[in-house]
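Subject: Structure handover

Hello,

Here is the structure you are taking over. Please have it open while you read the notes that follow.

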Amino acid sequence: MSTGSDKAAVLVEALPYIRRFWGTTVVVKYGGNAMVDPLLAQQFAEDVVLMHSVGMRVVVVHGGGPQIGELMAKLGKESEFRDGLRVTDAETLDIARMVLVGKVGRDIVGAINVHAPLAVGLSGEDAGLIVASARDPELGFVGDVDSVDPSILHRLLAEDLIPVLSTIGSDAAGQAYNINADTVAGAVAGALGAEKVVYLTDVTGILDVHGELIQRIDAARLDGLVADGTVSGGMIPKVAACLHAVRSGAGSAHVLDGRLPHVLLLEIFTDEGVGTMITGKADA
Ligand code: ADP
Ligand code: MG
């Protein structure tokens, strides 16, 4: 049991962080286990609302690969993967869009709005937010981000709302594409000049070649870990997005363990080092 003075100490510890982050923008990529476990999902919503309550401008970007796979299976449609990317024909794109915009996004909006009517769900197709193009014709409607027009996000944030973004983009002709959520979060963080972009995932952070957690790393050294293959699989788009974000104006990027209850609060409001912090400039 924590005592009254323990509780007071936690609040006092948070004070300098609250002052420092008031009015700053934080992009949170929500995915992995943190999204599948109902208790963690509820705690995630609490963390986002708390961050908002102390003056932070929070943008949530969510994934949903497992949920897309689940509906595909229910519909009796096989998923085919090439280099970890789902081959996306027109029907698969429809399924992905329905799941992301119609289900996963709605669930997050609902969980946040239990606390206060703050969250607004949107797709990257809305108001020209994400312009996309095919990554590789072999993959069908898997998109890459061509450009981000963050004005709709600025407008929602100016209204004190919490945008919850599903990562479907569209090209100039209105064709939709499914885009990796890590990539979108990095691009959005760069376009907003966010103070932080935070990735919640299912590992403790970025691990070195010995499997040990890297607590802090700069962009140049992280490039090396990609080049030598220490970073692989689903960590590749995450790291690429972190590198893009810190090189295009974000203050720092963080890869955190979404399995830890309230990991967002630990990262933002406490002295405790959690996960991996990526900075643009070399550490002194
Ligand atoms: P998410 O749902 O969060 O996008 P992914 O499965 O796509 O999760 O990516 C996280 C996975 O990346 C980890 O579970 C791990 O298996 C893999 N991975 C590859 N290289 C590394 C590394 N160097 N450090 C940490 N995880 C890594
Ligand atoms: Mg992933």
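Which residues does Lys238 touch, not counting residues up to four places away in sequence? They are Lys29, Asp182, Tyr199, Thr201 and Val255. Please keep in mind that this is a predicted model.

Lys238 itself is part of helix α9, which covers residues 235–247. The residue counts as buried because its relative accessibility is 7%, and the cut-off for buried is under 20%.

Two of the residues that Lys238 touches, Tyr199 and Val255, also belong together in the sheet. Val255, in β13, is the bridge partner of Tyr199. The strands concerned are β11 (residues 196–201) and β13 (residues 252–257), which run parallel to each other and are joined over 6 bridges.

The sheet as a whole is open and has 8 strands, in the order β5-β8-β2-β1-β11-β13-β14-β12, with mixed pairing. At its edges are β5 (119–123) and β12 (216–218), each of which pairs on one side only. On average, neighbouring strands in this sheet are turned by 20° against each other, if direction is ignored.

Next, the ligand. Which residues are closest to ligand 1? Of the 16 residues that surround ligand 1, the closest are Thr201, Asp202, Thr230, Ser232 and Lys238. Lys238 therefore appears here again, as a buried residue at 7% relative accessibility that is among the closest to the ligand.

Three polar contacts with ligand 1 can be listed:

- Lys238: a polar side-chain atom is 2.7 Å from an oxygen atom of the ligand.
- Asp202: a polar side-chain atom is 2.8 Å from an oxygen atom of the ligand.
- Ser232: a polar backbone atom is 3.1 Å from a nitrogen atom of the ligand.

Ligand 1 exposes 580 Å² when taken alone, and the protein buries 72% of that.

One further residue to look at is Val148, in strand β7 (residues 142–148). What is Val148 in contact with, leaving aside its neighbours within four places in sequence? The contacts are Leu129, Ile130, Ala187, Val188 and Ala191. For Leu129, there is also a distance: its C-alpha atom is separated from that of Val148 by 5.5 Å, although the two residues are 19 residues apart along the chain.

If you want a place to begin, select Lys238 and display the five residues named for it, Lys29, Asp182, Tyr199, Thr201 and Val255, together with ligand 1, which has an oxygen atom 2.7 Å from a polar side-chain atom of Lys238.

Regards

Key
Residues are numbered from 1 along each chain as its sequence is written. Chains are lettered from A and ligands numbered from 1 in the order in which they are written. This is a predicted model: local features need pLDDT of at least 70, side-chain atom pairs count only at pLDDT 80 or more; totals for chains, interfaces and linings use all residues. Side-chain values use heavy atoms; hydrogens and water are left out. Two strands pair if DSSP finds at least two bridges between them. Helices (H or I, at least four residues) and strands (E, at least two) are DSSP runs, numbered from the N terminus. Axes are lines fitted to C-alpha atoms, for helices over the stretch in contact, and angles run from 0 to 180 degrees between N-to-C directions. Buried means under 20% relative accessible area, exposed over 50%, partly exposed in between (1.4 Å probe, protein chains only). Contact means heavy atoms within 4.5 Å. A residue is near a molecule or strand if one of its heavy atoms lies within 4 Å of it. A polar contact is a pair of N or O atoms within 3.5 Å; within protein, one must be able to donate a hydrogen and the other to accept it, and residues adjacent in sequence count only if both atoms are side-chain atoms. Accessible areas come from the Shrake-Rupley method with a 1.4 Å probe; for residues, only the protein chains shown count as cover.
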